Amino acid sequence: MNGTVSTIIIVAILAVIVFFAIKNSIPHFKGEGSCCGGSGGEELIKPKKLKNIVAVKVLEIEGMHCENCYRRVQNALNSIEGVNAKVHGSRKQAVVKMDKDMENSELEQVVSRLGYKVVSIKK
């Protein structure tokens, strides 16, 4: 009888642990969580209106998994002076419009500082 009680207690504890693990994972799987170290509620920086667009580049980005990832990359790119960026998460790319020509390496550095990898840049 003593072994049966111990088994029931252990199973109950494991059930509680599994319940909370699943409950706390649901936002992550919906793309609402902060899987990438962000707050999950980071405000989106509005892209700047550019008067004179001199270059447009499409960055193929690897490692973005959720809305938080897309938002972080878009905010980082839009924080650069003279850049208007829009990240398309389903295509894993960012369309970057610029009012001055900019080196590819500068855009790559901004993205890589966030932990993502620029696979290619097309003009």
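This briefing describes the fold, the core and several individual residues of one protein chain. The model is a predicted one, and its secondary structure comes to three helices and four strands. Read along the sequence, these elements follow the pattern α-β-α-β-β-α-β. Of the 123 residues in the chain, 31% count as buried.

**Overall character of the chain**

- Among the contacts between residues at least 6 apart in sequence, 72% join residues that are at least 24 apart.
- The accessible surface of the chain comes to about 8,100 Å², and 57% of this surface belongs to carbon and sulfur atoms.

**The largest nonpolar core**

- The largest nonpolar core has 23 residues, and within it Leu-77 and Val-96 touch the most other members.
- Two or more residues of this core come from each of strand E1 (55-62), helix H2 (67-78), strand E2 (83-88), strand E3 (93-98) and helix H3 (104-112).
- Helix H2 gives the most to this core, with five residues.
- When residues up to four places away in sequence are not counted, Leu-77 touches Val-83, Ala-85, Ala-94, Val-96, Leu-107, Val-110 and Val-111.

**The buried face of helix H3**

- The buried residues of helix H3 are Leu-107, Val-110 and Val-111, and each of these three also appears among the residues that Leu-77 touches.
- Seen down the axis of H3, its buried residues fall within an arc of 95°, so they line one face of the helix.
- As general background, an α-helix has 3.6 residues a turn, so residues three or four places apart point the same way.
- The cover over the buried residues of H3 includes E1, H2, E3 and strand E4 (117-122).

**A salt bridge between E1 and E4**

- The structure holds one salt bridge, in which the side chains of Glu-60 and Lys-122 meet at 3.8 Å, N to O.
- This pair links distant parts of the chain, with Glu-60 in strand E1 and Lys-122 in strand E4, 62 residues apart.
- In general, side chains of opposite charge can pair when their charged atoms come close.
- Is Glu-60 buried or exposed? Glu-60 has a relative accessible area of 19%, which is under the 20% cut-off, so this residue counts as buried.
- Its partner Lys-122 has 46% relative accessibility and therefore counts as partly exposed, since this value lies between 20% and 50%.

**Cysteines**

- The structure holds zero disulfides.
- Cys-66 is nevertheless buried, with a relative accessible area of 6%, and Cys-69 also counts as buried, at 0% relative accessibility.

**Two buried asparagines in helix H2**

- Asn-78 is found in helix H2, where its relative accessibility of 2% makes it count as buried.
- Which residues is Asn-78 in contact with, leaving aside its neighbours within four places in sequence? They are Ile-45, Pro-47, Lys-48, Val-83, Asn-84 and Ala-85.
- One of these contacts, Pro-47, is 31 residues from Asn-78 in sequence, while the two residues are 5.8 Å apart in space, C-alpha to C-alpha.
- Asn-68 also has its place in helix H2, and at 1% relative accessibility this residue counts as buried.
- Asn-68 and Glu-43 are 25 residues apart in sequence, and the distance between them in space is 9.8 Å, C-alpha to C-alpha.

**A positive phi in the loop between E2 and E3**

- Lys-92 lies in the loop between E2 and E3, and its relative accessibility of 31% means that it counts as partly exposed.
- This residue has a positive phi of about 55°, although Lys-92 is not a glycine.
- In general, most residues other than glycine have a negative phi.

How values were computed: Residues numbered from 1 in each chain as written. Predicted model: local features only at pLDDT ≥ 70, side-chain atom pairs only at ≥ 80, totals over all residues. Heavy atoms only, no water. Core = buried A, V, L, I, M, F, W, Y, C linked by side-chain atoms within 4.5 Å. Buried < 20%, exposed > 50% of the residue type's maximum accessible area, 1.4 Å probe, protein only. Contact = heavy atoms within 4.5 Å. Arc of directions from axis to C-beta. Areas by Shrake-Rupley, 256 points an atom, 1.4 Å probe, with all protein chains shown as cover. Salt bridge = Lys/Arg side-chain N within 4 Å of Asp/Glu carboxyl O. Disulfide = S-S within 2.5 Å.
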